[in-house]
Structure formats: C-alpha cells, structure tokens
Amino acid sequence: MKRVGLYIRVSTEEQARIQDGSLVSQRLRLLEYVEGQNRREADWGSVVDVYCDEGKSAKNMNRPEFQRLIQDVKSGRVSLIVSTELSRMSR
C-alpha cells in the first residue's frame, strides 16, 4: 500500500478565498481522489499526512510544509505525493 502525502498550497490570501482553488477545496479534491483510487484498487493507498503551505510562492523550495514533505519522503514515511496540479509543487 502506498503511503500518500497530500500537498496543497496557495500563493496569496486572495487565492485562499477563491472556492475552486482554496486550501479546503484542494484538500477535499485530493481526499476524494485517494478514496476513488481505493475503490478501483483495494488498498491502493493511505493518506499519512496533509502538507499545507498558505501564502507561499512556488518560485523556490523555501516553504516549511514542502520541506517537511521532502524529509518525510526521504525517511520513507511518504512513498507517493499527490497534489491538485504540478504548479502547486514548483514553478
């Protein structure tokens, strides 16, 4: 079974207020995705943590939750990262 880390991020407080891209919306979409994968394939994966950087640009890796996610990947706690889109991870 995959150990899934969900990564969500918005660059500005304004983005956090927009329903489609809000942190809450991103989190729900990712949780639904993992649930859907588990319905298709038994024991596909389990969410071990949600990593949330609010008001942080993806122009660099200087984001506390992103760094915590990277450390969890290196330690083996997370084996798969899921995000709503690639631009949440990096620019």
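Trainee: Why is tyrosine 33 called partly exposed?

Mentor: The relative accessible area of tyrosine 33 is 40%. Buried means under 20% relative accessible area, exposed means over 50%, and partly exposed covers the values in between (1.4 Å probe, protein chains only). The 40% of tyrosine 33 lies in between, so the residue is partly exposed. Please note that this is a predicted model, in which local features need pLDDT of at least 70 and side-chain atom pairs count only at pLDDT 80 or more, whereas totals for chains, interfaces and linings use all residues. Residues are numbered from 1 along each chain as its sequence is written, and side-chain values use heavy atoms, with hydrogens and water left out.

Trainee: How many aromatic pairs does the structure hold?

Mentor: There are two aromatic pairs. One of them joins tyrosine 7 and phenylalanine 66.

Trainee: What makes the pair of tyrosine 7 and phenylalanine 66 edge-to-face?

Mentor: Rings of Phe, Tyr and Trp (its six-membered ring) pair if their centres lie within 6.5 Å; planes under 30 degrees apart count as stacked, over 60 as edge-to-face, and the rest as tilted. Here the centres are 5.6 Å apart and the planes stand at 70°, so both conditions for an edge-to-face pair are met. Tyrosine 7 belongs to strand β1 and phenylalanine 66 to helix α3 (residues 64-75), so the pair ties together parts that are 59 residues apart in sequence. Helices (H or I, at least four residues) and strands (E, at least two) are DSSP runs, numbered from the N terminus.

Trainee: How do you know whether these two residues are buried or exposed?

Mentor: Tyrosine 7 has 0% relative accessibility and counts as buried. Phenylalanine 66, at 6%, also counts as buried.

Trainee: Why is the pair of tyrosine 33 and tryptophan 44 also given a geometric name?

Mentor: The ring centres of tyrosine 33 and tryptophan 44 are 6.0 Å apart and their planes are at 90°, so this pair is edge-to-face. Tyrosine 33 lies in helix α2 and tryptophan 44 in the loop between α2 and β2 (45-54), so the pair ties together parts that are 11 residues apart in sequence. Tryptophan 44 is buried, with a relative accessible area of 8%.

Trainee: What makes arginine 63 a charge over a ring?

Mentor: The definition requires NZ of Lys or CZ of Arg within 6 Å of the ring centre and within 35 degrees of the ring normal. Arginine 63 lies over the face of phenylalanine 66, at 4.3 Å from the ring centre.

Trainee: How do you know that β1 and β2 pair?

Mentor: Two strands pair if DSSP finds at least two bridges between them. Nine bridges join β1 to β2, so the condition is met. β1 is also joined to β3, by four bridges, and these strands run parallel.

Trainee: What order do the strands take in the sheet?

Mentor: Three strands form an open sheet in the order β2-β1-β3, with parallel pairing. β2 and β3 (80-83) stand at the edges, each with a single partner strand, so one side of each has no neighbour in the sheet.

Trainee: Why is β1 described as largely enclosed?

Mentor: Seven of the nine residues of β1 are buried, so the rest of the structure largely encloses this strand.

Trainee: What makes a group of residues a nonpolar core?

Mentor: Such a core is a set of buried Ala, Val, Leu, Ile, Met, Phe, Trp, Tyr and Cys residues joined through side-chain atoms within 4.5 Å. The largest one has 10 residues, including Val4, Leu6, Leu30 and Trp44. β1 gives the most to this core, with four residues.
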